[in-house]
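Biologist: I'm new to this one, so could we go through it together? Bring it up and I'll start asking.

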Amino acid sequence: MKLVFSQNSIFHLYRLSVIVASKTGKKYRLSNEQELNSLIRYCNRSESTDIARQYDTFLHSVEPEILTEIEKMTGLLFQEVRLRLVG
């Protein structure tokens, strides 16, 4: 399923891509569905505090049905992500 994000979500996703690019040197094109999904999966597994904070902000900005698709894609429930971020 192609994920369609709100303008607010796209802003947070862009910020997330900038943080990841500065840490890893890899740039993700948000217009490419495979790269977008790869970015989300990478951020879901990242141990970086900066990435985790921005990823959390991004997840809070997405619509519930999109969040469900992200949960399916990553295999991790949103509540589990919050627990990982909080500690």
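Biologist: Which helix does His12 lie in?
Modeller: Keep in mind that this is a predicted model. Look at the stretch covering residues 7–24, which is one helix, and you'll find His12 there. That helix is α1.

Biologist: Is His12 buried or exposed?
Modeller: The cut-off for buried is under 20% relative accessible area. His12 comes in at 13% relative accessibility, so it counts as buried.

Biologist: Which residues does His12 touch, if we skip those up to four places away in sequence?
Modeller: Contact here means heavy atoms within 4.5 Å. With residues up to four places away set aside, the partners of His12 are Gln54, Thr57, Phe58 and Ser61.

Biologist: Now for Asp50. Is it buried, partly exposed or exposed?
Modeller: Asp50 sits in helix α3. Buried would need under 20% and exposed over 50%, with partly exposed in between. Asp50 has a relative accessible area of 38%, so the label is partly exposed.

Biologist: And which residues is Asp50 in contact with, leaving aside neighbours within four places in sequence?
Modeller: Val20 is 30 residues from Asp50 in sequence, yet the two are 9.0 Å apart in space, C-alpha to C-alpha. As for contacts, once those sequence neighbours are left aside, Asp50 has Ile19 and Lys23.

Biologist: How are α2 and α3 oriented to each other, and why?
Modeller: Two packed helices are described by the angle between their axes and the distance between the axes. Here α2 (residues 33–45) and α3 (residues 49–61) have axes 9 Å apart and an angle of about 120°. Angles of 65 to 115 degrees would be roughly perpendicular and those over 145 roughly antiparallel. The angle fits neither of those classes, so α2 and α3 are oblique.

Biologist: What classes of residue make the contact of α2 with α3?
Modeller: The crossing of these two helices is left-handed. On the α2 side the contact uses Ile40, Tyr42, Cys43 and Asn44, and on the α3 side Ile51, Tyr55 and Phe58. By class, that contact has no charged residues, one polar and six nonpolar.

Biologist: Stepping back, what pattern does the protein follow along the sequence?
Modeller: The secondary structure comes to five helices and zero strands. Reading along the sequence therefore gives only α symbols: α-α-α-α-α.

Biologist: Last one: what share of the protein's residues count as buried?
Modeller: The protein has 87 residues, and it exposes about 5,400 Å², with carbon and sulfur atoms supplying 51% of that area. The share of residues that count as buried is 41%.

Definitions and conventions: Residues are numbered from 1 along each chain as its sequence is written. This is a predicted model: local features need pLDDT of at least 70, side-chain atom pairs count only at pLDDT 80 or more; totals for chains, interfaces and linings use all residues. Side-chain values use heavy atoms; hydrogens and water are left out. Axes are lines fitted to C-alpha atoms, for helices over the stretch in contact, and angles run from 0 to 180 degrees between N-to-C directions. Helices (H or I, at least four residues) and strands (E, at least two) are DSSP runs, numbered from the N terminus. Angles under 35 degrees count as roughly parallel, over 145 as roughly antiparallel, 65 to 115 as roughly perpendicular and the rest as oblique. A crossing is left-handed if the near helix is turned anticlockwise from the far one by less than a right angle, and right-handed if clockwise. Ala, Val, Leu, Ile, Met, Phe, Trp, Tyr, Cys and Pro count as nonpolar, Asp, Glu, Lys and Arg as charged, and the others, Gly among them, as polar. Buried means under 20% relative accessible area, exposed over 50%, partly exposed in between (1.4 Å probe, protein chains only). Accessible areas come from the Shrake-Rupley method with a 1.4 Å probe; for residues, only the protein chains shown count as cover.
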